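Colleague: I am new to reading protein models, and I would like to learn how to look at one step by step. Could you walk me through this one?

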Amino acid sequence: NSILGVNFLGNHIHLIAFPVAVIYKMFPHPLTLLFLQSLALGLGAYPLFMIARNVLGASWALTLAAAYLLYPALGYVNVFEFHFTPFATLSLLFMLYFFHFKRYAGFIFATIVTLICQENLSLAIFSFAFYALLLKRSLRWWLPLLIGGVAYFLLCIKILLPAFHQDSLQFISIYQHWGHGYGEII
């Protein structure tokens with residue numbers, strides 16, 4: 001259960017929780033979770049460095065990787081508590097890395113890991129398809145993202161989230177002062 005008193009998967013679809021739970025089972029301590037989160041955020045410097053080294057050269061790449069690691073918002077993510085979304089930072093950076101170096105299998109793997117971090121990241125995957133299109137990549141680089149991003153998002157919001165929590169998609173109530181229903185709000 002989450003702090004809201006609903007099934008954990010009723011708030012967000014964090015399927016990354018299952019592989020994390022395996023590690024937690026081996027090392028059952030709250031610091032294990034914080035260590036994994038810190039490790040994921042810190043390892044994000046590697047794909048960033050490798051892309052920057054290829055594009056800008058080694059000295060600028062080192063500067064960029066250091067700026068990433070010293071970025072206050074990145075450190076702030078770790079200050080209070082553990083959560084699953086920071087794992088997406090690493091998977092998104094590896095998506096960019098594999099995309100940049102045209103390593104398709106790694107790209108698809110990083111995309112899947114991003115998807116299992118949280119359901120709304122499927123919209124970022126969908127958007128990435130347009131980036132691949134803009135760079136004139138072949139069909140295999142953008143079509144699975146376009147279809148998969150939309151399909152996973154719909155699967156999560158129409159089937160999985162309601163199955164775990166009947167009232168999970170009441171975000172529309174935040175905008176009720178603009179109108180009743182999606183049409184009026186838009």
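Modeller: Happy to! Let us begin with a pair of helices: α1 and α2 pack with their axes 9 Å apart, at an angle of about 130°. Keep in mind that this is a predicted model.

Colleague: How are α1 and α2 oriented to each other, given that angle?

Modeller: The general idea is to sort the angle into a class: under 35 degrees is roughly parallel, over 145 is roughly antiparallel, 65 to 115 is roughly perpendicular, and the rest is oblique. Here, α1 and α2 are therefore oblique to each other. As for handedness, α1 passes α2 in a right-handed crossing.

Colleague: Let me try another pair. At what angle do the axes of helix α2 and helix α6 cross?

Modeller: They cross at roughly 30°, and the two axes come within 8 Å. For orientation, helix α2 covers residues 30-43 and helix α6 covers residues 86-100. That angle makes α2 roughly parallel to α6. In this pair, α2 passes α6 in a left-handed crossing.

Colleague: Now for the whole chain. How many helices and strands are there?

Modeller: The chain has ten helices and zero strands. Its pattern along the sequence reads α-α-α-α-α-α-α-α-α-α. To get a feeling for the dimensions, follow the C-alpha trace, which spans about 55 × 45 × 30 Å along its principal axes.

Colleague: And what share of the residues counts as buried?

Modeller: Of the 186 residues in the chain, 36% count as buried. The general idea is that buried means under 20% relative accessible area, exposed means over 50%, and partly exposed lies in between.

Colleague: Let me practise on two residues. Is Ala-105 buried or exposed?

Modeller: Ala-105 counts as exposed, because its relative accessibility is 63%. You will find Ala-105 in helix α7, which runs over residues 104-117. You can also use Ala-105 to compare sequence and space: Phe-164 is 59 residues away along the chain, and the C-alpha atoms of the two are separated by 32 Å.

Colleague: My second choice is Ile-23. Where does Ile-23 lie?

Modeller: Ile-23 lies in helix α1, residues 17-26. With a relative accessible area of 31%, Ile-23 is partly exposed.

Colleague: Which residues make the nonpolar surface patch?

Modeller: Val-22, Ile-23, Met-26 and Phe-27 make this patch, which has an area of about 390 Å². Try finding Ile-23 in the picture first, then look for its partners in the patch.

Definitions and conventions:
Residues are numbered from 1 along each chain as its sequence is written. This is a predicted model: local features need pLDDT of at least 70, side-chain atom pairs count only at pLDDT 80 or more; totals for chains, interfaces and linings use all residues. Side-chain values use heavy atoms; hydrogens and water are left out. Patches are made of residues with over 30% relative accessible area and no salt bridge: like charges are joined within 9 Å, nonpolar side chains (Val, Leu, Ile, Met, Phe, Trp, Tyr) within 5 Å. Accessible areas come from the Shrake-Rupley method with a 1.4 Å probe; for residues, only the protein chains shown count as cover. A salt bridge is a side-chain nitrogen of Lys or Arg within 4 Å of a carboxyl oxygen of Asp or Glu. Helices (H or I, at least four residues) and strands (E, at least two) are DSSP runs, numbered from the N terminus. Buried means under 20% relative accessible area, exposed over 50%, partly exposed in between (1.4 Å probe, protein chains only). Axes are lines fitted to C-alpha atoms, for helices over the stretch in contact, and angles run from 0 to 180 degrees between N-to-C directions. A crossing is left-handed if the near helix is turned anticlockwise from the far one by less than a right angle, and right-handed if clockwise.
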